[in-house]
Structures are given as C-alpha cells and as structure tokens.
Amino acid sequence: MTIANVPAGVEPSEWETDRSLTYRILRGAPRNIGGRSDVSVTTSAVQLDDGWVDSGAAIEPPKVFLEAGGDGLTIAQALRLASTLVEAVEELERWRARPNG
C-alpha cells in the first residue's frame, strides 16, 4: 500500500479495507460563519491508497456538509456562507487534482 500524504489542515481516518479497496476518509477543518457558532461548512472525501481522491467511481464522491442552526441568516452572513461554500468546493477540487502521495 502506498502511504499517501495528507493535505494540510485535513484530519484523516485510519486506513480501512472493504470490497478489496483500501481507503481512508479525509475531513477538512470546519469553517464557521462569522457571528454564528451554529453554522459551519465541512468537507469530506475518500482517499484511495494510491493517493488519489475518489471521484465517486469506487466508493463515494467528495462532499460538502452544511450544519445550520434554526435562525435565519442576515444578508452579510448569507454572503459569507456563499463564499465559504465556494472555498469548500475549491478545497475538494484541489484534493482531486493530484494524488497526495
């Protein structure tokens, strides 16, 4: 198995083997929306043991998760959320662009 490097700021799980595939889950650091501790955006992707991030062909595609509280967002908070979502997607695109090993 190739020991693949972890992108900066990413929390990897332990390596697992399932269906003859060896992989781990990469979780990006949570991004909070200014002024709201109950709204955050996180990223997650499956990294295969050859260093590549799965596009969804093997296990599942990279994902963006949104945690949101019960109150609505102000205009400024909504704009920050939109910007944060774009940052999260760009992070996942960087992970998919090249092997991390």
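I began by settling a term: a contact means heavy atoms within 4.5 Å. With that in hand, I looked at contacts in the protein chain between residues at least 6 apart in sequence, and 53% of them join residues at least 24 apart. I also reminded myself that this is a predicted model.

**Entry: the overall layout**

I looked up the secondary structure next and found one helix and six strands in the protein chain. Reading from the N terminus, I get the order β-β-β-β-β-β-α, with the helix coming after the strands. I then checked the dimensions: along the principal axes, the C-alpha atoms fill a box of roughly 50 × 25 × 20 Å.

**Entry: inside and outside**

How much of the protein chain is buried? I found that 33% of its 101 residues are. The chain exposes about 5900 Å², and carbon and sulfur atoms supply 53% of that area.

I looked at charges too. The chain has 10 positive and 15 negative charges, and I noted that their mean positions are 4 Å apart.

**Entry: a visit to Glu91**

I picked one residue to follow, Glu91, which lies in helix 1, residues 75–97. Is Glu91 buried or exposed? Its relative accessible area is 9%, so I wrote it down as buried, the cut-off being under 20%.

Which residues does Glu91 touch, leaving aside its neighbours within four places in sequence? I listed Gly28, Arg31 and Thr43. With Thr43 there is something extra to note: the side chains of Glu91 and Thr43 make a polar contact at 2.5 Å.

Definitions and conventions:
Residues numbered from 1 in each chain as written. Predicted model: local features only at pLDDT ≥ 70, side-chain atom pairs only at ≥ 80, totals over all residues. Heavy atoms only, no water. Helix = DSSP H or I, 4+ residues; strand = E, 2+ residues; numbered from the N terminus. Buried < 20%, exposed > 50% of the residue type's maximum accessible area, 1.4 Å probe, protein only. Areas by Shrake-Rupley, 256 points an atom, 1.4 Å probe, with all protein chains shown as cover. Lys, Arg positive; Asp, Glu negative; His and termini not counted. Charge placed at Lys NZ, Arg CZ, Asp CG, Glu CD. Polar contact = N/O pair within 3.5 Å; in protein donor to acceptor, adjacent residues only side chain to side chain.
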